[in-house]
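Work through the exercises below with the sequence and the coordinates at hand. Each task is followed by a solution that goes step by step.

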Amino acid sequence: MRQKIIAGNWKMNLTLAEAVKLAADIKSDEASYKHQVILCPAFPYLTSLQNELKGSKIKLGAQNCADRENGAFTGEVSAPMLASMSLPYVIIGHSERRIYYHESHETLKEKMNLALRYGLLPIFCCGETKDIRIDEKQGVYVNKQLEESLFHLSDDDIAKVVIAYEPVWAIGTGLNATPQQAQDMHHFIREKVSARYGIGIAERIIILYGGSVKPDNAAELFSQSDVDGGLVGGASLKADDFKKIILSI
Ligand code: PGA
């Protein structure tokens, strides 16, 4: 049985007070959560949320880390810095980073290496754009993302990675992938992991779906056999919606 995860990606939203309140609201019902919940706030709020979540089962993740270890890289936050805060998770390769900040396969490969070297658990995002989906090339496209930034990892390291399949055309658009579209791509990704690392690792690797997950579509998406939970953006900013999503799995 694979662990199920519901992760909230808060992106560049909320004031500090709002972030702490949202974490407290989500925590208030944690006794009823059966699965791992992860919150990914903006960097400056991590310490406050660590304090708010002391003693809680809810874990924290960063939304990004640098592709360098340390040094003169103004504005960047490195994997060793996050590790020094005892942070468990870090999102790597979100499509917004790939598109708006031009993060290449090579850059993401380096981020993966650094995150793993410093003991962080990466949530590696992949997923095709609308044009690629229209051309029915999503398999080729996602496979390249995996090959270029992930499949160089050792067996030990890949086993620590959570993959998030997030079709770009579904992110923040209100247009989620259908449960069947999600299942097909998750199955495809698991098969690629199996071809590279063997069935044992493929059966254990956690693959989350992301892209307009909402309280009214979460249960059906998460009931697909290869969908192990979700990476939730917009709906994770509202405590009630996010709690419903957590409880729908
Ligand atoms: P969304 O974002 O749920 O707002 O579509 C998902 C994500 O970007 O992780």
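**Exercise 1. Cysteine 125 and cysteine 126**

Determine why cysteine 125 forms no bond with the closest cysteine sulfur, and then state how many disulfides the structure holds.

Solution. In this predicted model, the closest cysteine sulfur to that of cysteine 125 belongs to cysteine 126, and the separation of 7.6 Å is too far for a bond. The cut-off that this step needs is 2.5 Å between the two sulfur atoms. Seen from the other side, cysteine 126 is likewise in no disulfide, its nearest cysteine sulfur being that of cysteine 125 at 7.6 Å. The count for the structure is 0 disulfides. As for the surroundings, cysteine 125 counts as buried at 1% relative accessibility, and cysteine 126 counts as buried at 3%.

**Exercise 2. A salt bridge of arginine 2**

Find the parts of the chain that are tied together by the pair of arginine 2 and glutamate 203, and classify each residue as buried, partly exposed or exposed.

Solution. Begin with the distance: the closest N and O atoms of arginine 2 and glutamate 203 are 3.7 Å apart, and the two residues form a salt bridge. The cut-off for such a pair is 4 Å. Next, place the partners: because arginine 2 lies in the segment before strand 1 (5-9) and glutamate 203 in helix 10 (residues 199-204), the pair ties together parts that are 201 residues apart in sequence. Finally, compare the accessibilities: arginine 2 is buried, with a relative accessible area of 16%, whereas glutamate 203 is partly exposed, with 42%. A search of the whole structure finds 15 salt bridges, and the pair of arginine 2 and glutamate 203 is one of the salt bridges.

**Exercise 3. Two further pairs and a network**

Carry out the same analysis for glutamate 52 with lysine 27 and for aspartate 228 with arginine 190, and then name the residues that shared partners join into one network.

Solution. Glutamate 52 and lysine 27 form a salt bridge in which the closest N and O atoms are 3.7 Å apart. Glutamate 52 sits in helix 2 (residues 46-52) and lysine 27 in helix 1 (residues 16-27), so that the pair links distant parts of the chain, 25 residues apart. Glutamate 52 counts as partly exposed at 22% relative accessibility, and lysine 27 is partly exposed with 24%.

For the second pair, the closest N and O atoms of aspartate 228 and arginine 190 are 3.0 Å apart. Aspartate 228 is in the loop between helix 11 (218-222) and strand 8 (229-232), while arginine 190 is in helix 9 (residues 179-197), 38 residues away in the chain. Aspartate 228 counts as buried at 2% relative accessibility, and arginine 190 counts as buried at 5%. Salt bridges with shared partners join Arg2, Arg190, Glu203, Asp226 and Asp228 into one network.

**Exercise 4. The cavity**

Describe the largest cavity by its volume, its lining residues and their classes.

Solution. The search of the whole structure finds 1 cavity of 30 Å³ or more, and the volume of the largest cavity is about 30 Å³. Its lining consists of Gly93, His94, Ser95, Arg98, Cys125, Cys126, Gly127, Gln145, Glu166 and Val168. Helix 4 (95-100) and strand 5 (121-126) are the elements that give two or more residues to this lining. Sorted by class, the lining has 3 nonpolar, 5 polar and 2 charged residues. The cysteines of Exercise 1 thus return here, with Cys125 and Cys126 among the lining residues.

Technical notes:
Residues are numbered from 1 along each chain as its sequence is written. This is a predicted model: local features need pLDDT of at least 70, side-chain atom pairs count only at pLDDT 80 or more; totals for chains, interfaces and linings use all residues. Side-chain values use heavy atoms; hydrogens and water are left out. Buried means under 20% relative accessible area, exposed over 50%, partly exposed in between (1.4 Å probe, protein chains only). A salt bridge is a side-chain nitrogen of Lys or Arg within 4 Å of a carboxyl oxygen of Asp or Glu. Helices (H or I, at least four residues) and strands (E, at least two) are DSSP runs, numbered from the N terminus. On a 1 Å grid over the protein atoms alone, a cavity is a set of points where a 1.4 Å probe fits but cannot get out, and a pocket is an open set with protein on both sides within 12 Å along at least five of seven lines; lining residues have an atom within 4 Å of a point. Grid points are joined across faces, edges and corners, and a volume is the space filled by probe spheres set on the points. Ala, Val, Leu, Ile, Met, Phe, Trp, Tyr, Cys and Pro count as nonpolar, Asp, Glu, Lys and Arg as charged, and the others, Gly among them, as polar.
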